Amino acid sequence: MIVGVHPIAGFDKLLHYKVPARLEDAVAVGSLVRIPIGRRFTLGIVGVVGAPSDFPIDRLKNLTDLVYDFPALPADLLELAKWMAVYYAAPLDGIIETMLPGAVRRAAGLKQEKLIALGTALDDEALAKLEKRAPQQAKLYRFITQQFKPVAKNLVLKRLGVGAGSANALIKQGALREMSQQVKRVAYADDFSEGELVAALPHLLNAEQQAAFDALKVEIAKDEFGVTLLQGVTGSGKTEVYLRAIHEALADGGGVVFLVPEVALTPQTVARLRSRLESIAPDHACVVWHSHLSEGERVDGWHELATGQARIVVGARSAIFAPVQNLRLIVVDEEHEPAYKQDETPRYHGRDVAVMRAKLNGAHCLLGSATPSLESYANAQAGRYKHLHMKQRIDDRELPFIDVVDMRIEIMRSRGLTTLSQKLVHGMQDRFEKKEQTILFLNRRGYSSSMMCRSCGHVEECPHCSISMTYHRTDESLRCHMCGHERGAPVRCPKCEAPDIRWRGTGTQRVEEAVTRVLPRARIERMDTDTMSKKNRFRQVLSEFRAGKIDVLVGTQMIAKGLDFPNVTLVGLVDADMSMHMPDFRATERTFQLLVQVAGRSGRGDRAGVVIVQTFTPQADAIQFSRHADFDGFAEGELKIRKDFQYPPYRHLIHHSFRGPNPEKLLFFAEQWARLVEKEFPDQLEVRGPAPSPIEKVKDHYRFQVWYFTHGVSRVIGKLNQKRREFAWPDDVIQVMDVDPVNLG
DNA sequence: AGCACGCCGACT
DNA sequence: GTCGGCGTGCTC
């Protein structure tokens, strides 16, 4: 029997090995095996059974060992890994590595045992000397000389009552040899502790939940691939629908993966979910999977799933790689969350991988969100996903005190450039007098301005990137900070021809200045990348703010990192719409939500915390605020897009980086790349900015980068990989840095 | 990733 | 003459 193995050794090539007769029955596709490679040993995953086509069979080596007698990377995960390698232009071995828990990669489960055997034999004289000077050592030595094969070190020492020191001394002088061998660990004792079974009441479903569940039940019963987008406002009880669907899949004998964003994996959440799931399927343990588990815990859970003792896993992003058998359902909660994206190679999106894994297994994938991502929404609109709605809240709670200020009116009133509305200014002054605090949020740093039409609200955006163009005073131009697109600054509005163009100063610096003007005695601190360059500054400012030494904090996204400010009773979103024009508007949305929570928590008696939202465009009417708690109390206050909000169409922004040690070679790649784009992708690919970018030196290697937009990621990357082979580019020369959906209005 | 091989400058 | 720098290529 001959098998092809993917080594986990830092390179990406299928190597073939002969399988020793004793292992033939147990080795199969997906097995984790130990292989000799060069003069060392590593682990590898069996990828195919069969002889190589381009390598002489008589030169094949034997594989050394089988680590587990079950497939460590089941066929579906191996397929998934191959798909990911193409889709994310990442080396396959790296992907396989991320799919396996670290301990498994190091062949844990195999206990190391030290053996000792005879080394260079001592002559009689030396033995006699030893006998006299070190009787313990002599005793051990004599015992070993009587053995036919190496013996377990700890066993022998215990039997003979000899200390480890004696053995080590003999080993050191060469009379004995020490070696280690791996021993199969005894199967895990099934001792998962009975978590207090929190009263796991089967909640009654309301009409909407029931309708959603009925629809899902049909989908799951089909036993074929499909995706459902469950769009339900927060508090509409999505979780209960998930649980019913999971029950359905488990009852069918299937396996389930339940993904949640990492932040949602609090101990309470996990405990509650776990007790509910285990009451649904009492025979099957629920494995919890996240980055804070100890290595042992993770291996145990992995083992239970891989052997079929457990059929359901709840976890963050990487839980999508759990070796769940007979997969029938994957649930991705809060599918829009950016936490599903991995920011290191291999860069992948947990939700997209989930959809693909469902496809490979003929399973159903359920995506849930109150505010679906653009790509999921677009897929639902296009009919590729089934779209379910839940619009009704289970319990209506009071709304936070949220004021939306129309800045167009504000500007007319003040007849000039306005950064802070009257309402916000009065609010801040009031807080200052009461010794309470204010946070002003604006996700643009610096002093730069953007152009905006005063009569129609039009914001000039980059035609390629959809971000607002930045005004550069030096040469009277508008520039895109993303792709470098440039045009002369217009005199009248490009849309309605009105001459009322306003150059809005919306950077944090300008906000800080404005606050100083209206609150001259207040202590103001600005927090953005410009001011936080020093390492400890960030923590220092946050702790000072918390201690009340700062009255007003002006900041960008980064203030969302330490949001525990009980004395903040006013939050100002200085420019709500500009934020919504940014490509990463969801991150901004998230910051909004967190800030609304801050205000929601800090009410004073009968006086609720206040959020003042400043906005210029009618589009902001689509922004709606609400305050309520989800099932786990995770969201206390939330901003969301109103349900009839029109999602803009989207494309993907792809960022590739080409790297290598040789600049001349890289230059050659760059030229080939340019020719490739010209010839192969005239309509699918729109390369932006200098393409390719100049070659630059980074640490010990060189690189150039390319950004482009595309409607079909897999098509383009597939083509690119094909060309890579044709051009004989090295495997690792291309790296996908990022694949991001971009909204283009 | 390791490791060998091979091609050039420095030097016990 | 050899030692050793790293650039290049291979590992079944």
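Why is strand β18 largely enclosed by the rest of the structure? That was the question I opened my notebook with.

**Entry 1: β18**

I should say up front that I'm looking at a predicted model. I went to strand β18, residues 437-441, and checked how well covered each residue is. Of its 5 residues, 5 turn out to be buried, so the strand is largely enclosed by the rest of the structure.

Next I wanted to know which residues cover which side. Q437, I439 and F441 sit on one side and are buried. T438 and L440 sit on the other, and they are buried too. That made me recall a rule from class: side chains in a regular strand alternate between the two faces of the sheet. So I noted β18 as covered on both faces.

Then I looked up the neighbours of β18. Strand β26 (residues 568-573) runs parallel to β18, with 5 bridges joining the two. Strand β25 (residues 552-555) is parallel to β18 as well, joined by 4 bridges. I picked F441 to follow across: its bridge partner in β26 is L573, and in β25 it stands opposite G555.

**Entry 2: chain A as a whole**

I zoomed out for a bit. How many helices and strands does chain A have? I found 21 helices and 34 strands. The chain has 745 residues, and 54% of them are buried.

I also looked at contacts in chain A between residues at least 6 apart in sequence. Of these, 74% join residues at least 24 apart.

**Entry 3: a sheet at the start of the numbering**

I traced an open sheet of 6 strands with mixed pairing, and wrote its order down as β5-β2-β1-β4-β3-β6. The edges are β5 (61-62) and β6 (65-66); each has a single partner strand, so one side of each has no neighbour in the sheet.

Inside that sheet I checked one pairing. Strand β1 (residues 2-7) and strand β4 (residues 40-49) are antiparallel, with 5 bridges between them. As a spot check I took G4, and its bridge partner in β4 is V48.

**Entry 4: salt bridges**

The structure holds 22 salt bridges, and I looked at a few.

The E131 and R142 side chains form one, at 2.8 Å from N to O. E131 belongs to helix α4 (residues 124-133) and R142 to helix α5 (residues 135-145), 11 residues apart. Are these two buried or exposed? E131 is partly exposed, at 35% relative accessible area, and R142 is partly exposed as well, at 34%.

My second pick was R328 with D223, whose side chains meet at 3.2 Å, N to O. R328 is in strand β14 (residues 327-332), while D223 is in the loop between α8 (207-222) and β10 (226-232), so this pair ties together parts 105 residues apart in sequence. I compared how covered the partners are: R328 is buried, with a relative accessible area of 9%, whereas D223 is partly exposed, at 47%.

The third was E240 with R276, where the closest N and O atoms are 2.6 Å apart. Helix α9 (residues 238-251) holds E240 and helix α10 (residues 267-280) holds R276, so the pair ties together parts 36 residues apart in sequence. Both E240 and R276 are buried.

I also jotted down a network: salt bridges link E335, R351, D352 and E375.

**Entry 5: DNA strand B**

Which residues are around DNA strand B? My list reads A9, G10, F11, R39 and R40. Sorted by class, the surface near the strand has 2 nonpolar, 1 polar and 2 charged residues.

Then I asked what part of the DNA the protein meets. Of the atoms of DNA strand B within 4 Å of the protein, 33% belong to sugar or phosphate, and the rest belong to bases.

I finished with individual distances. A backbone N or O atom of A9 is 3.4 Å from a base nitrogen of DNA strand B. For G10, a backbone N or O atom lies 3.5 Å from a base nitrogen of the strand. R39 goes to the phosphate: an N or O atom in its side chain is 3.2 Å from a phosphate oxygen of DNA strand B.

Methods:
Residues are numbered from 1 along each chain as its sequence is written. Chains are lettered from A and ligands numbered from 1 in the order in which they are written. This is a predicted model: local features need pLDDT of at least 70, side-chain atom pairs count only at pLDDT 80 or more; totals for chains, interfaces and linings use all residues. Side-chain values use heavy atoms; hydrogens and water are left out. Buried means under 20% relative accessible area, exposed over 50%, partly exposed in between (1.4 Å probe, protein chains only). Two strands pair if DSSP finds at least two bridges between them. A salt bridge is a side-chain nitrogen of Lys or Arg within 4 Å of a carboxyl oxygen of Asp or Glu. A residue is near a molecule or strand if one of its heavy atoms lies within 4 Å of it. A polar contact is a pair of N or O atoms within 3.5 Å; within protein, one must be able to donate a hydrogen and the other to accept it, and residues adjacent in sequence count only if both atoms are side-chain atoms. Ala, Val, Leu, Ile, Met, Phe, Trp, Tyr, Cys and Pro count as nonpolar, Asp, Glu, Lys and Arg as charged, and the others, Gly among them, as polar. Contact means heavy atoms within 4.5 Å.
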